[in-house]
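Here is a small set of exercises to work through with the model open beside you. Try each task before reading its solution.

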Amino acid sequence: MTTYYATPAAANYFSPPAHSHRQRGVRVCDTCGSTEQPSVKQFRLCGGCMTTNYCSPECQKKHWPSHKAICQHTMAQVAATKQQPLSAEYPDENIAKLLRRFTSQHATLLGWAGFQALQLKRVPSNVRQSALLVELTPRPSGDAHRQFAIKGTHIVPRTYVTSRDPLVAADIQRREERCRRAGGIGTAVVLIQCGAVSQVMPVEVDAPSKISWDERNDWADVLAHFVDAGRTDFKPISTTSRG
């Protein structure tokens with residue numbers, strides 16, 4: 001049954017793309033847990049895996065002993081994909097690098113879609129049972145924001161992700177424990193996949209009472225709308241007041 005909404009899911013749903021205001025998404029220091037305030041200070045990415053954020057060189061250095069294994073593992077996976085052509089249109093393209101860029105550009109959109117797909121506002125326990133799989137197909141384009149299109153979305157068991165790679169599973173579990181200590185419900189898992197190459201996006205989720213997003217069943221359409229249009233400026237509408 002199709003659900004119709006009086007308002008779109010995003011305040012800028014019908015507005016033109018705003019590539020000059022590139023979306024950074026919510027960035028959290030992987031050592032101290034502080035949240036980035038871009039207008040004050042921008043966090044730095046790990047130069048190896050390009051996925052972990054730090055608020056300072058001190059936090060990055062402190063985290064290295066525990067981060068080293070997953071960082072080197074991620075770099076090895078990226079290096080392996082460089083020699084694996086995905087299609088005739090992408091004979092020499094580093095798909096893993098493009099997926100990481102895609103995930104960074106659409107961080108808020110993907111996190112919102114995962115929250116909606118897993119119905120975490122209504123059933124918070126789903127965060128421990130399920131994951132969102134986003135399948136992409138390459139779309140050759142001169143526009144850096146339009147390298148992929150949505151092929152399909154699926155709700156899969158969380159073990160679909162965690163059982164494949166012990167190091168990734170351990171990293172998700174570490175984030176989950178940190179999130180719960182801070183009062184959140186846990187870590188939602190979004191898997192972005194293109195062919196045989198994939199990127200795992202863990203999203204630490206606050207308690208539902210602290211999240212002002214409404215429940216939306218049209219999340220898949222909204223996801224496709226912004227990705228297909230090359231939109232990286234997703235701004236979800238919130239009509240529910242925070243608890």
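## Exercise 1: Salt bridges around helix H5

Arginine 174 pairs with aspartate 171 in a salt bridge, their closest N and O atoms being 2.8 Å apart. A salt bridge here is a side-chain nitrogen of Lys or Arg within 4 Å of a carboxyl oxygen of Asp or Glu. A word on the source: this is a predicted model, in which local features need pLDDT of at least 70 and side-chain atom pairs count only at pLDDT 80 or more, while totals for chains, interfaces and linings use all residues. Residues are numbered from 1 along each chain as its sequence is written, and side-chain values use heavy atoms, with hydrogens and water left out.

**Task.** Place this pair in the fold, then find which network it belongs to.

**Solution.**
1. Both arginine 174 and aspartate 171 lie in helix H5 (residues 166-181), three residues apart, about one turn of the helix. Helices (H or I, at least four residues) and strands (E, at least two) are DSSP runs, numbered from the N terminus.
2. Aspartate 171 counts as buried because its relative accessibility is 14%, whereas arginine 174, at 25%, is partly exposed. The cut-offs are under 20% relative accessible area for buried, over 50% for exposed, and in between for partly exposed (1.4 Å probe, protein chains only).
3. Next, look at arginine 178, which forms a salt bridge with glutamate 204, the closest N and O atoms being 2.4 Å apart. This pair links distant parts of the chain, from helix H5 to strand S6, 26 residues apart.
4. Arginine 178 is buried at 13% relative accessibility, and glutamate 204 is partly exposed at 31%.
5. Shared partners join Asp30, Asp171, Arg174, Arg175, Arg178 and Glu204 into one network. The count of salt bridges comes to 11.

## Exercise 2: An aromatic cluster

**Task.** Which residues form one aromatic cluster, and how are their rings arranged?

**Solution.**
1. The structure holds four aromatic pairs. Rings of Phe, Tyr and Trp (its six-membered ring) pair if their centres lie within 6.5 Å; planes under 30 degrees apart are stacked, over 60 edge-to-face, and the rest tilted.
2. For tryptophan 112 and phenylalanine 234, the centres are 5.1 Å apart and the planes at 55°, so the pair is tilted.
3. That pair connects helix H3 (residues 107-117), which holds tryptophan 112, to the segment after helix H6 (219-228), where phenylalanine 234 sits, 122 residues apart.
4. Phenylalanine 226 and phenylalanine 234 have ring centres 5.2 Å apart and planes at 85°, so this pair is edge-to-face.
5. Tryptophan 112 is buried, as is phenylalanine 234, and phenylalanine 226 is buried too.
6. Put together, Trp112, Phe226 and Phe234 form one aromatic cluster.

## Exercise 3: Cysteines without a bond

**Task.** How many disulfides does a search of the whole structure find? Why is cysteine 49 not bonded to cysteine 46?

**Solution.**
1. The search finds zero disulfides, a disulfide being a pair of cysteine sulfur atoms within 2.5 Å.
2. The closest cysteine sulfur to that of cysteine 49 is in cysteine 46, 3.8 Å away, so it is too far for a bond.
3. Cysteine 71 is in no disulfide either; its nearest cysteine sulfur, also that of cysteine 46, is 3.6 Å away.
4. Cysteine 49 is buried, with a relative accessible area of 1%, and cysteine 71 counts as buried at 1% relative accessibility.
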